[in-house]
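Here's a friendly walk through a protein model, strand by strand and contact by contact. Take a look at the sequence and the 3D view, then read on.

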Amino acid sequence: MRIRLHGTPTETAAALAAIARVLHIRQISRPYPDRRSPMFQRIYLDATPREDTRR
């Protein structure tokens with residue numbers, strides 16, 4: 001699946017760490033600056049469910 005994270009660098013780093021606990025992160029894009037507010041960024045992830053979390 002493709003996931004977009006949007007927030008401050010601190011927020012996106014925390015979200016990425018939380019997501020990595022339940023999904024296998026296959027690819028992480030570089031941070032893209034937000035078009036309207038330079039304090040925010042966008043990061044795109046390619047991820048799949050972890051084998052140990054599938055039910």
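## How the strands line up

β2 and β4 run antiparallel and are joined by five bridges. Strands here are DSSP runs of E with at least two residues, numbered from the N terminus, and two strands pair if DSSP finds at least two bridges between them. In this pairing, I28 has L45 of β4 as its bridge partner.

Before going further, some housekeeping. This is a predicted model, where local features need pLDDT of at least 70 and side-chain atom pairs count only at pLDDT 80 or more, while totals for chains, interfaces and linings use all residues. Residues are numbered from 1 along each chain as its sequence is written, and side-chain values use heavy atoms, with hydrogens and water left out.

β4 has other partners too. β1 pairs with β4 in the antiparallel sense, over six bridges. Along that pairing, R4 sits opposite Y44, and H6 has R42 as its bridge partner. β3 is joined to β4 by two bridges, and these strands also run antiparallel. Here Y32 stands opposite R42 of β4.

## Two faces of β1

In a regular strand the side chains alternate between the two faces of the sheet. You can see this in β1: I3, L5 and G7 point to one face and are buried, while R2, R4 and H6 point to the other and are not. "Buried" means under 20% relative accessible area, "exposed" means over 50%, and "partly exposed" is in between (1.4 Å probe, protein chains only).

## The nonpolar core

Which residues make up the largest nonpolar core? There are eight: I3, L5, I19, L23, I25, I43, L45 and A47. β1 (2-7), β2 (23-28) and β4 (41-49) each supply at least two of the residues in this core, and β4 gives the most, with three. A nonpolar core, by the way, is a set of buried Ala, Val, Leu, Ile, Met, Phe, Trp, Tyr and Cys residues joined through side-chain atoms within 4.5 Å.

Zoom in on A47 and you'll find that it touches M1, I3, L23, H24, I25 and R26, not counting residues up to four places away in sequence. Contact means heavy atoms within 4.5 Å. One of those neighbours, H24, lies in strand β2. H24 and A47 are 23 residues apart in sequence, yet their C-alpha atoms are 5.4 Å apart in space. Setting aside neighbours within four places in sequence, H24 is in contact with D46, A47, T48, P49 and R50. H24 counts as partly exposed because its relative accessibility is 39%.

## Q41 and S29

Q41 is found in strand β4. Is Q41 buried or exposed? Its relative accessible area is 13%, so Q41 is buried. Leaving out residues up to four places away in sequence, Q41 touches L5, H6, G7, T8, P9, T12, P31, Y32, P33 and D34. G7 is 34 residues from Q41 along the chain, with 5.6 Å between their C-alpha atoms. The side chains of Q41 and T12 are joined by a polar contact of 2.6 Å.

A polar contact is a pair of N or O atoms within 3.5 Å; within protein, one must be able to donate a hydrogen and the other to accept it, and residues adjacent in sequence count only if both atoms are side-chain atoms. S29 offers another: its side chain reaches the backbone nitrogen of Y44 at 2.8 Å. S29 lies in the loop between β2 and β3 (32-33).

## An aromatic pair and a salt bridge

Rings of Phe, Tyr and Trp (its six-membered ring) pair if their centres lie within 6.5 Å; planes under 30 degrees apart count as stacked, over 60 as edge-to-face and the rest as tilted. By this rule there is one aromatic pair. The ring centres of Y32 and Y44 are 6.0 Å apart and the planes are at 70°, so this pair is edge-to-face. Y32 lies in β3 and Y44 in β4, so the pair ties together parts 12 residues apart in sequence.

Side chains of opposite charge can pair when their charged atoms come close. A search of the whole structure turns up one salt bridge, meaning a side-chain nitrogen of Lys or Arg within 4 Å of a carboxyl oxygen of Asp or Glu. The side chains of R2 and D46 form it, at 3.6 Å from N to O. That pair links distant parts of the chain, with R2 in β1 and D46 in β4, 44 residues apart. R2 counts as exposed, at 56% relative accessibility.

Conventions
Helices (H or I, at least four residues) and strands (E, at least two) are DSSP runs, numbered from the N terminus.
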